[in-house]
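Here is a friendly walk through this structure, starting with how the chain is divided and ending with the ligand. Keep the 3D view open as you read.

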Amino acid sequence: MTLNDHATALSEAPPVIERARLELKRRNLTIARSERLSDGMLRLHFTSEDLADFASLAPDDHIKLFIPNADGQPFMREYTPRRFDTAARTLIIDFAVHDAGPATSWALKAQAGDTIEIGGPRGSALLHGRIDHWLLIGDETAIPAIGRRIEEAAPGVTLTSVMAIAADEDRQSFEGRATHREIWVTRPVSDSANAQPLITALNQIELLPATFVWIAAEAKVAKAIRTYMTDTRGLPAGWFRASGYWQMGEPGAHMSID
Ligand SMILES: Cc1cc2nc3c(=O)[nH]c(=O)nc-3n(C[C@H](O)[C@H](O)[C@H](O)COP(=O)(O)OP(=O)(O)OC[C@H]3O[C@@H](n4cnc5c(N)ncnc54)[C@H](O)[C@@H]3O)c2cc1C
């Protein structure tokens, strides 16, 4: 199939994005357990009666963590609800470990019994329409949303994920009933603002018709991959969502790139 064929096949009817609103609520959570998945990833298990009515409708939803600050004005950072169970009143958040800002250093020190306030999710982007295949691209900060997308996909859905990590031991395994092909791209942390390792891996991937491409990584990386997908691979508008989940050298920064 040529690039033009891809564009024609993909441009027929892009999915429609519905912005679903949720009641914006603050909740107080207690850490039940801290689990080191690998050098690069830390998982915190939270519990709280406040989670009885927690809702998160899309895998790329986010919540705000209010990180305590000596000044009294908390730092706010965004994280993905990786997994939750309202009946059991539990929530899991995975933290990519990097040169610590307030959220990362708080998570690294956190112990069972510690508490934190969260807000949201305030809404979800729900995709409606024909999507035959997902191409999920991201760095460590995107793995929680990618993992959730894979695990929540219905049987018959096919997904390909291309994920950048610092070491082979940072690979994760995902559960789920959909058909999933995973490609791990190992590059040093010092290259986390360099799109080339991911683009080199993407060069080997065929873009199937009716593929929705989801991208989240450092802002410049996400932008470069979005441009590569549209300009080099012929991906038309409406078939992707790209976000800068963090910005090199800019604490607390993130951006939508669509
Ligand atoms: C919608 C959304 C969902 C997200 N979900 C997750 C998630 O589930 N798990 C997760 O780990 N992150 C997630 N992130 C990214 C996370 O919010 C940022 O990495 C955040 O900046 C970390 O906060 P911090 O206080 O540790 O560092 P900051 O104070 O924000 O930054 C301190 C310094 O570290 C740098 N930095 C920030 N993040 C990284 C990084 N990942 N690697 C290397 N350097 C970095 C900054 O450029 C800055 O120079 C998400 C972001 C968004 C927008």
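In this predicted model, the chain is divided into two domains: domain 1 covers 3-18 + 124-256, and domain 2 covers 20-123. Taken over C-alpha atoms, the centres of domain 1 and domain 2 are 23 Å apart.

Let's look at where the domains meet. On the domain 1 side, 23 residues are in contact with 25 residues of domain 2. Strand 9 (123-128) and helix 3 (143-152) each supply at least two residues of that side of domain 1. Helix 3 gives the largest share, seven residues.

Now to the ligand. Where does the ligand lie with respect to domain 1 and domain 2? Both domains give residues to the shell around the ligand, so the ligand lies between them. There are 28 residues around the ligand, and those that come nearest are Thr80, His98, Gly101, Thr104 and Pro251. Several elements give two or more residues to this shell: strand 5 (75-79), strand 7 (90-96), helix 2 (102-109) and strand 14 (240-246).

The table sets out the residue classes of the two groups.

| Group | Nonpolar | Polar | Charged |
|---|---|---|---|
| Side of domain 1 that touches domain 2 | 10 nonpolar residues | six polar residues | seven charged residues |
| Shell around the ligand | 11 nonpolar residues | 11 polar residues | six charged residues |

If you would like a place to begin in the viewer, try helix 3, which supplies seven residues of the side of domain 1 that touches domain 2. From there, turn to the ligand, which has residues of both domains in the shell around it.

Methods:
Residues numbered from 1 in each chain as written. Predicted model: local features only at pLDDT ≥ 70, side-chain atom pairs only at ≥ 80, totals over all residues. Domains from an automatic or database assignment. Contact = placed C-beta atoms within 7 Å. Helix = DSSP H or I, 4+ residues; strand = E, 2+ residues; numbered from the N terminus. Nonpolar A, V, L, I, M, F, W, Y, C, P; charged D, E, K, R; others polar. Near = placed C-beta within 6 Å.
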